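Okay, thanks for making time, everyone. I'll put the sequence and the structure up and then walk you through a few spots.

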Amino acid sequence: MSQMVGTDFKLNSISDLRQEYKKDELLENKVPGDPFKLFAGWFENAAMDGVKEPNAMVLSTVSDGKPKARVVLLKDFSEKGFSFYTNYNSHKGQELDSNNFASVTFFWDKSERQVRIEGEIEKVSAQESDNYFHSRPIGSQIGAWVSQQSEKIEGRSVLEKKLTEMEEKFAGQSIIPRPDHWGGYLLKPQLMEFWQGRANRLHDRICYTLDDSGLWNFFRLSP
Ligand SMILES: Cc1cc2nc3c(=O)[nH]c(=O)nc-3n(C[C@H](O)[C@H](O)[C@H](O)COP(=O)(O)O)c2cc1C
């Protein structure tokens with residue numbers, strides 16, 4: 001397996017990489033008052049535009065004043081919030097235990113769009129985690145028992161060995177129980193910012209914030 005970068009690409013030409021964004025615009029008189037409506041439309045557009053994993057989002061957490069970020073997959077959204085699933089004992093789980101304020105960022109290159117969402121995170125109910133856990137392929141369910149996510153391990157063989165053990169343990173069982181340390185989180189947004197790439201780097205940015213009475217207001221930000 002080659003780790004080499006393709007021969008056409010020269011590392012010293014990174015500074016020459018640039019895209020002109022021309023696909024769409026985001027104007028105050030055309031956006032809905034409800035940011036979830038705008039998100040739903042943009043999500044659908046991203047899928048139709050051919051973004052491979054439109055539900056991939058960068059989850060940023062902060063603990064001890066140090067930011068950490070990684071990609072996770074959005075599994076559902078509604079006016080209640082945006083959910084994803086993970087190992088509660090992972091680094092991100094520990095970080096969320098100490099500070100439950102987080103943000104997620106989507107970049108949909110084919111749509112020339114970015115969405116940033118910020119808010120507080122809470123665990124979804126055990127029932128909701130069970131439902132999603134059991135909707136996953138059996139291999140992924142067993143995988144949740146195998147991986148002590150974010151722990152240091154000696155080598156890949158540690159995973160292979162544990163996988164064999166778990167496969168034997170659950171052999172013939174029609175229902176694999178969900179490990180207590182695995183489940184969902186819900187990010188309840190307080191801010192949602194929509195970015196549409198435009199020509200000459202004069203992009204459109206519309207930012208929605210939630211006021212004390214639970215209403216969303218929006219304003220434009222300079223690019
Ligand atoms: C496309 C993509 C999707 C991912 N989806 C998830 C996910 O839904 N849940 C998850 O726990 N990790 C997911 N990961 C792995 C995380 O990025 C990360 O490596 C892992 O959760 C450990 O992060 P932590 O040590 O900061 O807790 C995904 C990675 C990629 C590249």
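Let me start with a question: which side chain meets Asp-204 in a salt bridge? That would be Arg-220, and the N to O distance is 2.8 Å. Keep in mind throughout that this is a predicted model.

So where do these two sit? Arg-220 is in strand β9, residues 216–221, and Asp-204 is in strand β8, so the pair ties together parts that are 16 residues apart in sequence. Is Asp-204 buried or exposed? Asp-204 is buried, with a relative accessible area of just 5%. Arg-220, on the other hand, is partly exposed, at 33%. And this pair has company: salt bridges that share partners join Glu-25, Glu-28, Lys-30, Arg-198, Asp-204 and Arg-220 into one network.

Staying with β8, have a look at Arg-205. Its side chain meets that of Glu-193 in a salt bridge, again 2.8 Å from N to O. Glu-193 belongs to strand β7 and Arg-205 to strand β8, residues 204–210, so here too distant parts of the chain are linked, 12 residues apart. How covered are the partners? Glu-193 is buried at 4% relative accessible area, and Arg-205 also counts as buried, at 16%.

Now compare that with Lys-23 and Asp-49. They form a salt bridge as well, with the closest N and O atoms 3.9 Å apart; the cut-off is 4 Å, so this pair does count. Asp-49 lies in helix α1, residues 35–49, and Lys-23 in the segment before α1, so the bridge ties together parts 26 residues apart in sequence. Asp-49 is partly exposed, with a relative accessible area of 29%, and Lys-23 is partly exposed too, at 47%. For the record, how many salt bridges does a search of the whole structure find? It finds 14.

Next stop, helix α2, residues 91–98. Which of its residues are buried? Lys-92, Gly-93, Glu-95 and Leu-96. They cover an arc of only 165 degrees around the axis, which puts them on the same side of α2. Flip to the other side of α2 and you find Asp-97 and Ser-98 exposed. As for what covers the buried residues, the list includes a whole set of strands: β1 (56–63), β2 (66–73), β4 (81–87), β5 (101–108), β6 (113–123) and β7 (182–196).

That brings me to the ligand, and α2 comes back here. β2, β4 and α2 each supply at least two residues of the shell around the ligand, and the largest share, 4 residues, comes from β2. If you want to click through them, the residues around the ligand are Glu-53, Arg-70, Val-71, Val-72, Leu-73, Tyr-85, Thr-86, Ser-90, His-91, Lys-92, Gln-149 and Ser-150. Note Lys-92 in there, which we just met as one of the buried residues of α2.

What about polar contacts? Two involve backbone atoms. A polar backbone atom of Leu-73 is 3.0 Å from an oxygen atom of the ligand, and a backbone N or O atom of Tyr-85 lies 2.9 Å from a ligand nitrogen. Then there's a side-chain one: a polar side-chain atom of Gln-149 sits 3.1 Å from an oxygen atom of the ligand. And how much of the ligand's area does the protein bury? Taken alone the ligand exposes 620 Å², and the protein buries 63% of that.

That's my tour, happy to rotate to any of these spots.

Technical notes: Residues numbered from 1 in each chain as written. Predicted model: local features only at pLDDT ≥ 70, side-chain atom pairs only at ≥ 80, totals over all residues. Heavy atoms only, no water. Buried < 20%, exposed > 50% of the residue type's maximum accessible area, 1.4 Å probe, protein only. Arc of directions from axis to C-beta. Contact = heavy atoms within 4.5 Å. Near = heavy atom within 4 Å. Polar contact = N/O pair within 3.5 Å; in protein donor to acceptor, adjacent residues only side chain to side chain. Areas by Shrake-Rupley, 256 points an atom, 1.4 Å probe, with all protein chains shown as cover.
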